[in-house]
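Good morning, and thank you for making time for this presentation. I would ask you to keep the sequence and the structure in view while I speak.

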Amino acid sequence: MTPAILALDQGTTSSRAILFDHDGRPLGTRGRPLTQHYPQPGWVEHDPDEIWAGQLETARAALAARPDADVLALGVTNQRETTLLWERATGRPVYPAIVWQDRRTAGHCERLRADGWETPVRERTGLLLDPYFSGTKLAWLLDHVDGLRARAERGELTFGTVDTFLLWRLTGGRVHVTDPSNASRTMLFNIHRLDWDDDILHALAIPRALLPEVRPSSAVVGHADPALLGRAIPIAGVAGDQQAAAFGQACFTPGMAKQTYGTGGFLLMNVGDRPRPSRHGLLSTVAWSLDGRVSYALEGAIFVAGAAIQWLRDGLGIIADAAESERLARAVDSTGGVYLVPAFAGLGAPYWDPYARGTIVGLTRGSGRAEIARAALEAVAFQTRDVLEAVRADAGVDPAALRVDGGMVANDFLLQFQADVAGCPVERPAVAETTALGAAYLAGLAVGFWADQQEVARGWRLERRFEPRMPAEEAARRYREWQRAVERARGWAAPEA
Ligand code: ADP
């Protein structure tokens, strides 16, 4: 038999299940896409039963494909902030899952801001007052769906983010728990006291009894119902997807950072055992809790990373597939002064400008599709430098290297340019599935499959390191030009005064 850990990765667009061996090598992966529902402009929902069915099916398939695997524990990682409410007695959802991208509570956030909640929310939760997070989504359910508030007050309902919902279902309703990494994305959790914040709950009129118990990210919190997976596998690791990726990248010491280049981009830097407030547009968040210790991170999200490449393909039609962006970018020596700011949905960290819109500047008669493709890739690296500048300003340190993952890291041009423009080495690991691996590590540490974090850190293997090669003056000049281009994009869609 091969000892193994099962990781369940419930993402925004798919459910996946991966078995990992002791070397952190994937033994087998199963995945299933998840349907996106857009019932109104700005609304995004998932069907909770589809989330569950997809996760259960992929877990069973991964186990069935490796009858030789002796599964010692399972870990869960998940799309964060997405909000679910279900019946305590039956586990039946009372409404679709409201997905993190959903903007329906923008007005509520404005009212809270007018009532002076912005500063307390930032200080206590580390977050910005934004519809992105779970708190106002849960309040919306109680305020707008008939009968839910009365039922909540009678104790009939229970709230959870996706981790909590999966754990509830996996244990046949026996546990109602979350971990601090997920709790810290609800806007209801005080990251200093590590407890739900009664004042914020009161401001949002959310009964505390709806909320799960907060348990460590690495601990046995229950067992999977044997009727589901054939045996009572201990559930021993839970973390939100970006925090799990940082764990899978073994970013264990302060100053270590990872960037995930997926549809969007998420940079997390470990800041140690105390939360670090941000004055430069980052989020201050719990990374994980383990062995009685909590680690914190600074986080910067950019909305458009791989999505810019999707736009080259589907919007402009200048590439046939994502990989062609690299061949095209390499077909020219430079963009010839062209900058593309992909602010298709406003700008995230560190600008937080909902009115910014995409722009291409510096076009000349010689600019063609290669220059534009190259500018799109460069923009992903420049946006990452924007976040790194904010990290540097908030934390006072530069990461020694940037560990990278996500679909775009297949692009060597991007990673070399990233190293050049950030002036910081970029490291691509051998195991690309860092999010699932992080959940597996958290679970495996709790059951002694891995002895300690040192052992996990030693297991992290480099596939390729990209060293900065561009002269520093040139990188600085290019970055200044990028910042000028960003200025052109900002505020574009603001209502006219
Ligand atoms: P997500 O988890 O957000 O769905 P993934 O981590 O799977 O995203 O990454 C997919 C993204 O990576 C897509 O937006 C795609 O355009 C981009 N991508 C994939 N391969 C490449 C490549 N070789 N060069 C540039 N971008 C790529």
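How many nonpolar, polar and charged residues does the shell around the ligand have? Before I answer, please note that what you see is a predicted model. The shell has 6 nonpolar residues, 9 polar residues and no charged ones.

Let me go through this site in detail. There are 15 residues around the ligand, and those that come nearest are Thr263, Gly306, Gln310, Gly407 and Asn411. Three side chains deserve attention here. The side chain of Thr263 places an N or O atom 2.7 Å from an oxygen atom of the ligand. For Gln310, an N or O atom of the side chain is 2.6 Å from a ligand oxygen atom. In the case of Asn411, a polar side-chain atom lies 3.0 Å from a nitrogen atom of the ligand. On its own, the ligand has 590 Å² of accessible area, of which the protein covers 69%.

Which helix gives the most to this shell? That is helix α11, residues 306–316, with 4 residues. Helix α11 also packs against helix α13, residues 369–395, at an angle of about 145° and with the two axes 9 Å apart. On the α11 side, Ile309, Leu312 and Leu316 take part, and they meet Ile372, Ala373, Ala376 and Leu377 of α13. By class, the residues of this contact are 7 nonpolar, no polar and no charged.

I turn now to the sheets. One is an open sheet of 6 strands, in the order β3-β2-β1-β5-β14-β13, with mixed pairing. At its edges stand β3, residues 26–33, and β13, residues 218–223; each has a single partner strand, so one side of each is left without a neighbour in the sheet. On average, neighbouring strands in this sheet are turned by 25° against each other, direction ignored.

Within that sheet, strands β1 (residues 2–10) and β5 (residues 69–78) run parallel and are joined by 9 bridges. Leu6, for instance, has Leu74 in β5 as its bridge partner. Helix α1, residues 48–65, packs on the sheet and touches β1, β2, β3 and β5, its direction making about 25° with that of β2. Helix α6, residues 162–170, also packs on the sheet: it touches β1, β5, β13 and β14, and its direction makes about 145° with that of β5.

Another open sheet has 7 strands, in the order β17-β18-β16-β15-β21-β22-β23, and its pairing is mixed as well. Which strands stand at the edges? They are β17 (283–290) and β23 (462–466), each pairing on one side only. From one strand to the next, the twist averages 30°. Strands β16 (residues 265–272) and β18 (residues 293–302) pair over 7 bridges in the antiparallel sense, and Phe266 stands opposite Ala301 in β18.

Finally, two points of backbone geometry. As background, most residues other than glycine have a negative phi, and most peptide bonds are trans. Leu194, although not a glycine, has a positive phi of about 60°; its place is in the loop between β10 (189–190) and β11 (195–196). The peptide bond that joins Ala349 and Pro350 is cis, with omega about -5°. Pro350 is found in the loop between β19 (339–341) and β20 (359–361).

Thank you for your attention.

Technical notes: Residues are numbered from 1 along each chain as its sequence is written. This is a predicted model: local features need pLDDT of at least 70, side-chain atom pairs count only at pLDDT 80 or more; totals for chains, interfaces and linings use all residues. Side-chain values use heavy atoms; hydrogens and water are left out. A residue is near a molecule or strand if one of its heavy atoms lies within 4 Å of it. A polar contact is a pair of N or O atoms within 3.5 Å; within protein, one must be able to donate a hydrogen and the other to accept it, and residues adjacent in sequence count only if both atoms are side-chain atoms. Accessible areas come from the Shrake-Rupley method with a 1.4 Å probe; for residues, only the protein chains shown count as cover. Helices (H or I, at least four residues) and strands (E, at least two) are DSSP runs, numbered from the N terminus. Ala, Val, Leu, Ile, Met, Phe, Trp, Tyr, Cys and Pro count as nonpolar, Asp, Glu, Lys and Arg as charged, and the others, Gly among them, as polar. Two strands pair if DSSP finds at least two bridges between them. Axes are lines fitted to C-alpha atoms, for helices over the stretch in contact, and angles run from 0 to 180 degrees between N-to-C directions. Contact means heavy atoms within 4.5 Å.
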